[in-house]
Amino acid sequence: MKLIIKNLTKSYGEKTILKDIDFTFEEGKIYGLIGRNGAGKTTFFNCLNEDIEIDSGKFILSDEYGENKLKTEDIGYVISTPTVPEFLTGKEFLTFFLEINKDKNKEKKTIDDYFDLVKISKEDQDKLLKEYSHGMKNKMQMLINFIANPKVLLLDEPLTSLDIVVQEEMKQVLKNMKKDHILIFSTHILELALDLCDEIVILNNKKLELVEKSNLNMKKYKNKIIDCLKEEENV
């Protein structure tokens, strides 16, 4: 499966954020999307998710059955500040979500199985979501996307504000999920991207650019990424 982006352009007034982007993402990989603040990472995600209107471009999902237009139901979107129904308990919310997505629960996991996946205790399952910490709400947000099983998962700074233990738990969830999915992980923390992601993509000068590892060691690879970002600053 591939996500093919053709000629994506997005402007706000006279300011062009994304220009004539052509890029292909492949399943089975976590792509780290890196860019300076204001480079347009969230705008790129919002274009894919049809949250904003694009100036031009096409998004195509290609698999063994052919090529089709990317649909919103093909996409999961995890944002840095999770939104959950705070009037429900964790168990009530997950029960409801499993019921409306029962056709997607191919592995026939139980509620306990899913809570175990993100390490939420039985005690916390019966608490109202409004009492959950930011990290626990983020776990729930990640969990419902795991259940919904989207073909493409967009992750906009989802781990930045989490403590190191929760970060490691969520990274393992994402690594387990990447099979048969396309994961695009936006972050401004280079070390996090290098630790988690299979490929690094720079949003640089309004375009996406894959930073090839080739035979570079980690230090040289990191310096190469930083050099790409400095190029944008100097434009």
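The overall dimensions, the two sheets, the helix packing and two individual residues of a predicted model are described below.

The protein chain contains eight helices and 10 strands. Its radius of gyration is 18 Å, close to the 18 Å given by the globule rule for 235 residues, so the chain is as compact as a globular protein of that length. The C-alpha trace spans about 55 × 40 × 35 Å along its principal axes. Of the 235 residues, 50% are buried. Among contacts with a separation of 6 or more, 70% are between residues 24 or more positions apart.

One sheet is open and consists of six strands in the order E6-E7-E8-E3-E9-E10, with mixed pairing. The edges are formed by strand E6 (75–78) and strand E10 (207–210); each has a single partner strand, so one side of each is left without a neighbour in the sheet. On average, neighbouring strands of this sheet are turned by 20° against each other, direction ignored. E6 and strand E7 (residues 152–156) run parallel and are joined by four bridges. In this pair, Ile 75 is placed opposite Val 152 of E7. Helix H1 (residues 41–48) packs on the sheet, where it touches strand E3 (29–34), E6, E7, strand E8 (182–186), strand E9 (199–204) and E10. The direction of H1 makes about 150° with that of E7. Helix H5 also lies across E6 and E7, and runs at about 175° to E6.

The other sheet described here is likewise open, with four strands in the order E2-E1-E4-E5 and antiparallel pairing. Strand E2 (15–26) and strand E5 (66–69) occupy its edges; with a single partner strand for each, one side of each is therefore left without a neighbour in the sheet. The twist from one strand to the next averages 20°. Strand E1 (residues 2–12) is joined by six bridges to strand E4 (residues 56–63), and the two run antiparallel. Within this pairing, Ile 5 stands opposite Phe 59 in E4. H1 lies across E1, E2 and E4 of this sheet, at about 115° to E1. H1 thus has contacts with strands of the six-stranded sheet and with strands of the four-stranded sheet.

Helix H5 (residues 134–148) and helix H6 (residues 164–177) have axes that come within 11 Å and cross at roughly 5°. This angle makes H5 roughly parallel to H6. On the H5 side, the contact is made by Gly 135, Lys 139, Met 142, Asn 145 and Phe 146. H6 contributes Val 166, Glu 169, Met 170, Val 173, Leu 174 and Met 177. By class, the residues of the contact of H5 with H6 are seven nonpolar, two polar and two charged.

Two residues located in other helices were examined individually. Asp 124 belongs to helix H4 (residues 122–125). Its relative accessibility is 16%, so Asp 124 counts as buried. When residues up to four places away in sequence are not counted, Asp 124 touches Tyr 132 and Met 136. Tyr 221 lies in helix H8 (residues 218–234). With a relative accessibility of 2%, Tyr 221 counts as buried. Between Tyr 221 and Val 211, which are 10 residues apart in sequence, the C-alpha to C-alpha distance is 8.4 Å.

Note on methods. Residues are numbered from 1 along each chain as its sequence is written. This is a predicted model: local features need pLDDT of at least 70, side-chain atom pairs count only at pLDDT 80 or more; totals for chains, interfaces and linings use all residues. Side-chain values use heavy atoms; hydrogens and water are left out. Axes are lines fitted to C-alpha atoms, for helices over the stretch in contact, and angles run from 0 to 180 degrees between N-to-C directions. Angles under 35 degrees count as roughly parallel, over 145 as roughly antiparallel, 65 to 115 as roughly perpendicular and the rest as oblique. Contact means heavy atoms within 4.5 Å. Ala, Val, Leu, Ile, Met, Phe, Trp, Tyr, Cys and Pro count as nonpolar, Asp, Glu, Lys and Arg as charged, and the others, Gly among them, as polar. Two strands pair if DSSP finds at least two bridges between them. The radius of gyration is taken over C-alpha atoms; the globule rule is 2.2 Å times the number of residues to the power 0.38. Buried means under 20% relative accessible area, exposed over 50%, partly exposed in between (1.4 Å probe, protein chains only).
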